[in-house]
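Dear colleague,

Please find below the structure that I am handing over to you. My findings follow directly after it.

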Amino acid sequence: MMQEKREKVHQINGIKIGYTEKKITSYGGFSMLAMFFKKVGLKAALNQIVPIQETSPNAMKAEEKILGFMTMVIAGGRRFSHVLYLGNFEVIKSVFGLRRLPEAGTTLTRYFSKIKNQCEAERLSEGIWRYLSKIIDWKRIKDDWLSFDSTVITRYGEQEGAQKGYNPSKKGRASHHPLLAFLNGSRMVLNIWNRSGNTASKNNIIAFFEASYHRISDLIRIKGVLADSGFYDESFIQSIEAKKLSYIITAKLYSTLQKSIYEHENWTLIEPELWISEINFKHLEWEEAHRYVIVRQSIKERKKALGKQLRLFELETESYRYGVWITNLTDPPIDVWRTIRQRSNDENTIKEFKEDLALSGFSMSQFYATEAAFLIRMMLYNLLLIFRTTFLPESEQTQRISTLRFKYFIIPAQMGRDASGKWLRLSVFSTKLRLKIQAVLKAISLYSIPNSQLHCS
């Protein structure tokens, strides 16, 4: 009280502005995630997953540092210094059952920087996948397409591996160029490798394909492989064919392929001003011919037509855009086209990863430390995917993480106790939202991990 008298008391519309040391948090909705994380044994698993040996007896445990990082990312943090703005650490520690939490960004950067080489990054990646593979309901997925993509992440400092290369949004800027593997239909992120910014999309794709294929080949039936034009490479195609898998890969419009498309005359109209066809074509340096499915759209009539123009024959074909895919499927061309359109799932996943889990953020000077932060967010993305597809209403299961953040996680709450014990009281005035939260908590309490061999604590 004496302190308040010494301070200048400000007012707004007759309301005095003061301060409290009560245990209040902006993130009462984290209680749902904490209950889910406990059900899937995340805390115990983290100490096994992270290949960092701490020498100090006073060091925080892996579970404390990684969960501190995860909560910051879920709250919308984009850089390590944002850990300062989580508010009351006591409430978050209590909810997640932790003794300590990092209260400075440098605690996390020093921790991730202990991942110093490719071997340690691979151990972290494999540990994460072993854990995820035990909690994903594979019977629910059954089969899916294995899909590959890459993305460009602009860097502004002197980070290791940040090089000038292909960067459509910031030409001339240094970047990283990570590879990502997905399960296309279920939107799981299977794998991520960081790469230098001057690396071509197809660089190291065969090794990445082998590693990603190995992760799921015994868990579900793989329908085949989907990939964009960055992976249009005969050696990659041969690796896919060696495993007797189907594939649809966007073709690069090299001059010889453009000529074959330009000379082709047999088109089938499938929608107004949209035609489809197929050709057999062989590049001179390739070993054999392949089947290509082609879609042609009128730019004038279809204002949002996707694809590329045939630049070698621009005057004759300036009214059209073309989509071209190489495939070993024997399905009718229209079915091949409908299947490859599902790749928009991957593009949406990358967009959500970048915008909602700050894939472009949390960069460190060391290359593999940055990759370690990628991998932890890959694990977090999949955990949130399991959470929303298992416990949320069907109408909300495809909603963005950013939407769920404001709907479910950012809920003011106060920690207190009465004769019965501790309480976390959420400030929820909407009866509809209160019923939803109650339903989620009930569903989590009744949840059983699909793979019972996982021990939870």
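The accessible surface of the chain comes to about 23,100 Å², and carbon and sulfur atoms account for 49% of that surface. Please note that this is a predicted model. Its pLDDT averages 92 over the chain, with 97% of the residues scoring at least 70. A stretch to treat separately is residues 452-457, where pLDDT stays under 50; for these residues the model has 14 contacts beyond four places in sequence.

As to overall architecture, the chain holds 17 helices and 17 strands. Its C-alpha trace spans about 90 × 55 × 45 Å along the principal axes. Of the 457 residues, 51% count as buried. Among contacts between residues at least 6 apart in sequence, 66% join residues at least 24 apart. The chain carries 67 positive and 46 negative charges, and the mean positions of these two groups are 10 Å apart.

One helix deserves a closer description. Helix α4 covers residues 62-74. At 1.5 Å a residue, its 13 residues should span 18 Å, and the end C-alpha atoms are indeed 18 Å apart, so the expected and modelled values agree. How many of the residues of α4 are buried? The count is 13 of the 13, and α4 is therefore largely enclosed by the rest of the structure. After α4 comes G76, which has a positive phi, near 110°.

The loop between β9 (188-193) and α9 (205-216) contains S196. With a relative accessible area of 22%, S196 is partly exposed, because this value lies between the limits of 20% for buried and 50% for exposed. Leaving aside residues up to four places away in sequence, S196 touches G161, Q163, S175, H176, H177 and F367. The C-alpha atoms of S196 and V152 are separated by 9.8 Å, while the two residues are 44 residues apart along the chain.

Two further residues were noted for their backbone angles. Most residues other than glycine have a negative phi. N204, also in the loop between β9 and α9, has a positive phi, near 70°. N204 is partly exposed, its relative accessible area being 42%. K244 likewise has a positive phi, near 60°, and is placed in the loop between α10 (234-242) and β11 (247-250). Is K244 buried or exposed? Its relative accessible area is 77%, so K244 is exposed.

Yours sincerely

Methods:
Residues numbered from 1 in each chain as written. Predicted model: local features only at pLDDT ≥ 70, side-chain atom pairs only at ≥ 80, totals over all residues. Heavy atoms only, no water. Helix = DSSP H or I, 4+ residues; strand = E, 2+ residues; numbered from the N terminus. Buried < 20%, exposed > 50% of the residue type's maximum accessible area, 1.4 Å probe, protein only. Contact = heavy atoms within 4.5 Å. Areas by Shrake-Rupley, 256 points an atom, 1.4 Å probe, with all protein chains shown as cover. Lys, Arg positive; Asp, Glu negative; His and termini not counted. Charge placed at Lys NZ, Arg CZ, Asp CG, Glu CD. Expected span 1.5 Å × (residues − 1). pLDDT = per-residue confidence, 0-100.
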